[in-house]
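The following paragraphs are intended to be read alongside the sequence and the structure.

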Amino acid sequence: MFAVFKRELNAYFQTPIGYVFMGFFILLSGIFAAITNFIGGNPNFTGVLGSITFIFLIVVPVLTMRLLSEETRQKTDQLLITSPLSITGMILGKYLAAVTVFVITLAVTAVYPIIMSFFALGGLAGWEILGGYIGFLLLGASFIAVGLFMSSLTDNQFIAAVTTFGALLLLWILDWVTNSLPTDAVAGLVFLGICAAGLALLVWFTTKNVFAAVGTALVAAAAVLLGWLFQKSFFEGVIVRVLQWFSLLKRYNDFNLGVLSLSPIVYYLSFCAAFVFLTVRMIEKRRWI
Amino acid sequence: MHFSRKENDVIEVDNVTKRYGQRLAVDHLNFTVNKGEILGFLGPNGAGKSTTMNIITGYLSATDGTVRVDGHDILAEPEAVKRNIGYMPELPPLYMDMTVEDYLAFVCEIKKVPRPEQKKDRERAMDLLKITDVRGRMIKNLSKGYKQRVGIAQAVIGTPPVLILDEPTIGLDPQQIIETRNLIRGLGKEHTIILSSHILPEVSAVCDRVLIINKGKIVASDTPENLSRGIVGENRITLRVKGAEADVLAAIRSVPDVTNAQVQGLREAGTVDVLVEARKDRDIREPLFLSLCGASLPILMMKTMDLTLEDIFLNLTTEEKEVQ
């Protein structure tokens with residue numbers, strides 16, 4: 001794993017990608033810090049971090065687009081997969097390399113609060129800024145995990161970049177979309193019915209076993225029906241609750257306000273783990289095609 | 001067919017099948033490779049050579065059947081199998097933005113060569129492939145021949161007992177081809193090797209045994225010598241005779257054991273070149289001489305023709321066979 005990590009990190013700085021990512025990120029965060037903190041005289045740096053989260057939409061696809069797609073295109077995946085290295089180790093090495101480039105970039109932006117600390121009259125809220133950084137790092141790491149997964153789906157880095165951008169944009173507008181979705185119980189029933197059907201289809205596509213798929217469909221349908229009979233209130237607003245589970249930005253707001261609590265940290269870490277796991281499955285599945 | 005494991009079998013391929021949708025790429029393949037043997041895969045493009053190699057190395061999974069390397073099943077113990085194999089795929093898996101030395105250092109690490117031995121192993125591989133002079137150069141700036149050699153160097157890192165080389169001499173110039181063949185023959189002393197090719201002289205020059213594969217099936221398996229001697233063995237002679245075409249053909253066809261006589265063309269004025277085929281195990285040189293002599297048609301040249309691997313290959317892999 002460490003060998004892949006080291007190679008990948010080197011590759012970021014052998015090609016323009018690492019520099020483009022860092023340069024663009026530092027430029028934009030610098031502009032925001034300058035306007036808000038230095039020129040505007042506002043000592044709130046976590047606010048700056050909160051307002052530059054949109055950069056992820058543009059720079060994360062750049063950072064992750066060639067992670068796996070380039071290996072497939074250049075056939076170097078044959079070297080990695082036929083070596084005694086585990087696929088999980090290889091994917092983790094790549095993911096951590098991308099996250100490390102991001103951490104290095106974040107470390108550079110730490111000069112803004114340090115400069116501010118010389119001039120801020122009442123001193124800076126150091127812990128609050130650190131908390132803001134932790135949230136920002138976790139949010140970025142989650143987006144990078146999505147990008148990694150998208151890169152495993154294609155051997156073309158531009159397609160990987162565009163689909164990553166699309167996926168991140170969807171996650172971005174999720175809150176806005178969920179607000180206008182129906183919240184009544186019938187809509188919830190229909191939604192859960194579709195989910196049950198989707199689950200059964202997924203079982204069918206992965207196992208190609210009719211009994212397993214039909215069984216899953218029956219069990220899921222029974223669960224939904226039982227819920228409908230005994231706990232009807234559960235169905236009210238269920239669409240919003242489910243979709244909000246995917247809302248990365250909503251959980252970031254806590255960090256932004258200077259609140260550091262465990263549950264969003266666990267949420268982000270499991271989100272990253274889920275996408276890394278999906279990527280591993282994707283690469284393993286390729287052997288069976 | 002089922003093979004029981006023998007002491008010497010390093011690679012056992014048992015009933016391996018690979019299906020891409022409806023298409024059978026590899027069709028119930030069965031073979032074993034003995035320790036220290038150099039086995040050649042021969043077949044037209046798309047015959048299933050690369051797919052078979054990808055299955056043995058664990059890059060692809062077979063739809064059915066098992067592969068064992070040194071007694072380890074590729075599905076049950078992939079790591080044990082992968083440690084035993086050095087693989088050079090059709091396209092050398094090179095990172096273009098690395099130097100040769102950095103690249104080989106990376107390969108050492110992912111192949112889990114013990115750290116103290118890594119430098120020695122790298123030097124050995126570079127010496128063997130004669131790439132020491134380009135060690136500091138970026139791989140993307142190397143010529144195709146050098147890239148190919150870096151690809152082979154990558155496979156010999158860690159001295160795995162089995163080497164699998166997919167078209168190792170493709171894209172090399174004639175001088176390098178000869179060097180690479182010598183190299184492979186040298187490697188054959190300490191490694192068991194499978195190499196694929198669609199170039200016949202290469203296989204007959206290097207391999208102890210040849211498998212001819214077509215449409216995912218083994219159509220022949222033998223030593224190169226036996227292959228050119230045996231299978232379709234026919235007796236063929238080319239003649240250059242002075243005289244008119246019709247007279248020459250008539251005289252040749254009057255010899256009892258001749259099955260076919262074909263005019264090959266006119267290379268010298270007033271003569272005719274004829275390819276004569278005769279029944280197996282009959283020497284027709286003397287009757288031919290006497291017959292042509294009797295007709296006052298002087299023989300200027302007579303040459304027996306061995307069946308080349310090319311002929312066998314075409315015979316085995318082409319569907320439209322001549323109707324006799």
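**A helix, a core and an interface**

A kink of about 50° is centred on A:I173 in α10(A); the bend at a residue is the angle between axes fitted to the seven residues ending there and the seven starting there. Helices (H or I, at least four residues) are DSSP runs, numbered from the N terminus. The model is predicted, so that local features need pLDDT of at least 70 and side-chain atom pairs count only at pLDDT 80 or more, whereas totals for chains, interfaces and linings use all residues. Residues are numbered from 1 along each chain as its sequence is written, and chains are lettered from A and ligands numbered from 1 in the order in which they are written.

Several residues of α10(A) are buried (20 or more other C-beta atoms within 10 Å of their own, C-beta atoms being placed from the backbone), among them A:Q157, A:A160 and A:L168. Their cover includes α4 (55-64), α5 (66-74) and α9 (126-151) of chain A.

The largest nonpolar core (a set of buried Ala, Val, Leu, Ile, Met, Phe, Trp, Tyr and Cys residues joined through C-beta atoms within 7 Å) has 126 residues, of which A:I144, A:A145, B:L104 and B:A153 touch the most other members. Its largest share, 13 residues, is supplied by α9(A).

Between the chains, 17 residues of chain A are in contact with 22 residues of chain B, contact being C-beta atoms, placed from the backbone, within 7 Å. On the side of chain A that touches chain B, α1 (2-14) and α6 (77-81) of chain A are the elements that give two or more residues.

Key:
Buried ≥ 20, exposed ≤ 12 C-beta atoms within 10 Å, placed from the backbone. Contact = placed C-beta atoms within 7 Å.
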